[in-house]
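Here's a quick briefing to read alongside the model. Keep the 3D view open and find each residue as it comes up.

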Amino acid sequence: MAVAQVHQREVVEVPFTLPDGQILPHPALVISCDDLQIIEPGMFYAVLISTKNHHPELTIPIQAEWLSSPLSQQSYFVTHIVSQFNCDDVIARHNCFLRQPFFDQVIDRIIGTIIDGDW
């Protein structure tokens, strides 16, 4: 799928490299600002969305009302798995966005998990 640009707070599907080395298509939340794709053409950062909750202390359960359109099953933001992608990596777009107040909570939790160790 040829994607020219993605947007912050958008849910996209990308090939995520998991901690065990597997590369699997997964939904992900775009967390980087749109301007990054201008400075570094097509580059963005995203956090993994998974239906598995392996480490509950590191995940956030996604509530349907947080999104502009619901996901098909219960899912979680996996706050310790953030990766860099290029727009060429996007497998699918879901026309789904995380609402701003909840995005702010997710970003705070990612920072707490990865940077501050607050878990």
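**One salt bridge, one pocket, one tucked-away threonine**

Glu 10 and Arg 93 join their side chains in a salt bridge, with 2.8 Å from N to O. The two partners come from distant parts of the chain: Glu 10 sits in strand E1 and Arg 93 in strand E6, 83 residues apart. Bear in mind that you're looking at a predicted model.

**The salt bridge and its partners**

- If you go hunting for salt bridges here, the structure has 1.
- Are the two partners buried or exposed? Glu 10 is buried, because its relative accessible area is 2%, and the cut-off for buried is under 20%.
- Arg 93 comes out as partly exposed, because its relative accessibility is 34%, and that class lies between the 20% and 50% cut-offs.
- The side chains of Glu 10 and Arg 93 also make a polar contact, at 2.8 Å.

**Around Glu 10**

- Strand E1, the home of Glu 10, covers residues 10-17.
- Skip the neighbours within four places in sequence, and Glu 10 is in contact with Ala 28, Leu 29, Val 30, Arg 93, Cys 96 and Phe 97.
- For a sense of distance, try Ser 50: it is 40 residues from Glu 10 along the chain, and their C-alpha atoms are 15 Å apart.

**The largest pocket**

- Now for some empty space: the largest pocket has a volume of about 520 Å³.
- Its lining is made up of 27 residues, and the closest to the centre are His 26, Ile 49, Ser 50, Thr 51 and Lys 52.
- Which strands each supply at least two residues of the lining? They are E2 (23-30), E3 (43-50), E5 and E6 (92-97).
- Sort the lining by type and you get 11 nonpolar, 13 polar and 3 charged residues.

**Thr 79, out of sight**

- Look for Thr 79 in strand E5, which spans residues 76-86.
- How buried is Thr 79? Its relative accessible area is 0%, so it counts as buried.
- Thr 79 has a polar partner too: its side chain makes a polar contact with the side chain of Thr 113, at 3.0 Å.
- Leaving out residues up to four places away in sequence, Thr 79 touches Val 47, Leu 58, Thr 59, Ile 60, Arg 109, Ile 110, Thr 113 and Ile 114.

Technical notes
Residues numbered from 1 in each chain as written. Predicted model: local features only at pLDDT ≥ 70, side-chain atom pairs only at ≥ 80, totals over all residues. Heavy atoms only, no water. Helix = DSSP H or I, 4+ residues; strand = E, 2+ residues; numbered from the N terminus. Buried < 20%, exposed > 50% of the residue type's maximum accessible area, 1.4 Å probe, protein only. Polar contact = N/O pair within 3.5 Å; in protein donor to acceptor, adjacent residues only side chain to side chain. Contact = heavy atoms within 4.5 Å. 1 Å grid on protein atoms, 1.4 Å probe; cavity = no way out; pocket = protein on both sides within 12 Å on 5 of 7 lines; lining within 4 Å. Points joined across faces, edges and corners; volume = space filled by probe spheres on them. Nonpolar A, V, L, I, M, F, W, Y, C, P; charged D, E, K, R; others polar. Salt bridge = Lys/Arg side-chain N within 4 Å of Asp/Glu carboxyl O.
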